[in-house]
Amino acid sequence: MKTTLTTTTDTIVAIATPPGRGGIGVIRVSGPDSADLAKAVLGVMPKPRRVHYGAFSDSQGHVLDEGIALYFKQPNSFTGEDILELQGHGGPIVLDMILQHLLKLGCRMARPGEFSERAFLNDKINLTQAEAIADLIDSSTQQAARSALNSLQGSFSKLIDELIEQLVDLRCYLEASIDFPDEDLDLLAEDKITPRIKNIQDQVSSTLKQAKQGALIKDGIQVVIIGKPNAGKSSLLNCLAGSSRAIVADIEGTTRDIIEEQINIDGLPINIIDTAGLREPTDTIEQEGIKRALKRLESADCVLLLEDATDNKQAEIDSKYSALLPTGIPIIRLINKVDLTGDTPGLTTRDADQPYPLLRISAKQNLGIDQLKEYLKEVMGFNHISEGNFTARRRHLDSLMDTESILNDALTQWGNTGAAELLAEDMRAAQKRLETITGMFSNEDLLDVVFSGFCIGK
Ligand SMILES: Nc1nc2c(ncn2[C@@H]2O[C@H](COP(=O)(O)OP(=O)(O)O)[C@@H](O)[C@H]2O)c(=O)[nH]1
Ligand SMILES: [Mg+2]
């Protein structure tokens, strides 16, 4: 059973189509007053689940627009409540006039994600499915869209539910064995319990691995290029983006602000960030640019340290800025302009005395760039996309990691004490942690976090 949360009983309204002009515009109403509002605006009561065509009028009978109305009677609707959808013309003014009229009739503006939240509260969808709706709409790649759809159709929650089921089974078995000890059979023998925990642990780990792929597909990674002026940072950005996004010049200090470009490598969305060259700034604008570049490193998932192969003064910058490089994320040293030196492009075998792996490229001649892309996928742990991918979020990864460590501790504790009561308690803790993923166990704070990221009308 889902922990009960207070369900709202008022009626909400929002424009569900994006702002701006369009062929049609949709206004969505959900809640107990939907039928009355339908009658007020349409003049008649539309039949549930049937297309009704007619005028949308205000209280004085003035026609505001005409179009199609759809009425869904609860519980057979997206939110599980009565829903009215008005599909009129997609102009901001005409939509706003209808919206204002509905608000005057007594409903209120929906908060971001409130329709999905109601669908969740009325058990129409679980929390991962609600999140998948937002992910599907926000998808930046085809793979992300497909993965979000898989989550929406329940692939992710099914895995979680299966894990929970096994935890519950094991706990029931433990509790039964404690309550009804059998003299002849040792129900709590090590070999009856430990393999079951290990098996669940393995499944949690593989689910976590899949979820990590899902999070990469959804969020992508932030790759920051830094290096001295004229190393070829902007050229590299352009080369990866396949367009002349940033200005390239042989004048030092050309890039002063941060330039970003979205690309995707085989479904891994990458935000490439080109920065101002690192050197002693010549003016305040450049100084600010360098400050921003260094700031951007803090949120990087991967750093590309770009060097000019023909520049023998690289050591100066290394000594000055290397301490500022983030730790715990992949850093790749790129030697650019190999077209001038004749070195072979690509990854060199990693030297033990080199702090970072080294890859030779030419951003101008597009040499070694494919190797760089492959290597980026590799260091980020991005595997090939499979049909079964689903999108996942940071909070899902956190829950799965917590579950992993609860199970680890449980195994240690069980090995040390053999206390079945404690083990049963651990199984309950692991179950609760997993239940926050699908929202079986949730609270207002969690829902706020999840639904505030939605847009209005969703
Ligand atoms: N020969 C050669 N020149 C390059 C290469 N990459 C960049 N350049 C040149 O180096 C200069 C500086 O490049 P730019 O991308 O603006 O460097 P940034 O200051 O690091 O952004 C320009 O004249 C580029 O054409 C390369 O791989 N080979
Ligand atoms: Mg530049």
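The paragraphs below lead through a pair of helices, a sheet and the surroundings of a ligand in a predicted model.

A convenient place to begin is the pair formed by helix α6, which covers residues 155-179, and helix α7, which covers residues 190-219. Two packed helices are described by the angle between their axes and the distance between the axes. Here the axes come within 11 Å and cross at roughly 165 degrees; angles over 145 degrees count as roughly antiparallel, and α6 and α7 are therefore roughly antiparallel to each other. The crossing in which α6 passes α7 is left-handed. On the α6 side the contact is made by Leu159, Leu163, Gln166, Leu167 and Leu170, while α7 contributes Arg196, Ile200, Gln203, Val204 and Thr207. Sorted by class, this contact of α6 with α7 consists of six nonpolar residues, three polar ones and one charged residue.

From the helices we turn to the sheet, an open one of seven strands with mixed pairing, in which the order is β8-β9-β7-β10-β11-β13-β12. Its edges are formed by β8, residues 259-265, and β12, residues 346-347, each of which pairs on one side only.

At the β8 edge, the neighbour is strand β9, residues 268-274, which runs antiparallel to β8 and is joined to it by seven bridges. Within this pairing, Gln262 has Asn271 of β9 as its bridge partner. The two strands form a hairpin with two residues between them, and in that hairpin Asp266 takes a positive phi near 50 degrees.

At the other edge, β12 pairs with strand β13, residues 358-360, in the antiparallel sense over two bridges. In this pair, Gly346 stands opposite Arg360 of β13.

The last stop is ligand 1, which has 22 residues around it, and of these Gly232, Lys233, Ser234, Ser235 and Lys364 come nearest. Two helices, α8 (residues 233-241) and α11 (residues 338-341), each supply at least two residues of the shell. Which element gives the largest share of the shell around ligand 1? That share, three residues, comes from α8. By class, the shell around ligand 1 holds six nonpolar, 11 polar and five charged residues, a tally that can be read alongside that of the helix contact described above, with its six nonpolar, three polar and one charged residues.

Technical notes. Residues numbered from 1 in each chain as written. Chains lettered and ligands numbered in written order. Predicted model: local features only at pLDDT ≥ 70, side-chain atom pairs only at ≥ 80, totals over all residues. Axes fitted to C-alpha atoms, helices over the stretch in contact; angles between N-to-C directions. Helix = DSSP H or I, 4+ residues; strand = E, 2+ residues; numbered from the N terminus. Parallel < 35°, antiparallel > 145°, perpendicular 65-115°, else oblique. Left-handed = near helix turned anticlockwise from the far one by under 90°. Contact = placed C-beta atoms within 7 Å. Nonpolar A, V, L, I, M, F, W, Y, C, P; charged D, E, K, R; others polar. Pairing = 2+ DSSP bridges. Near = placed C-beta within 6 Å.
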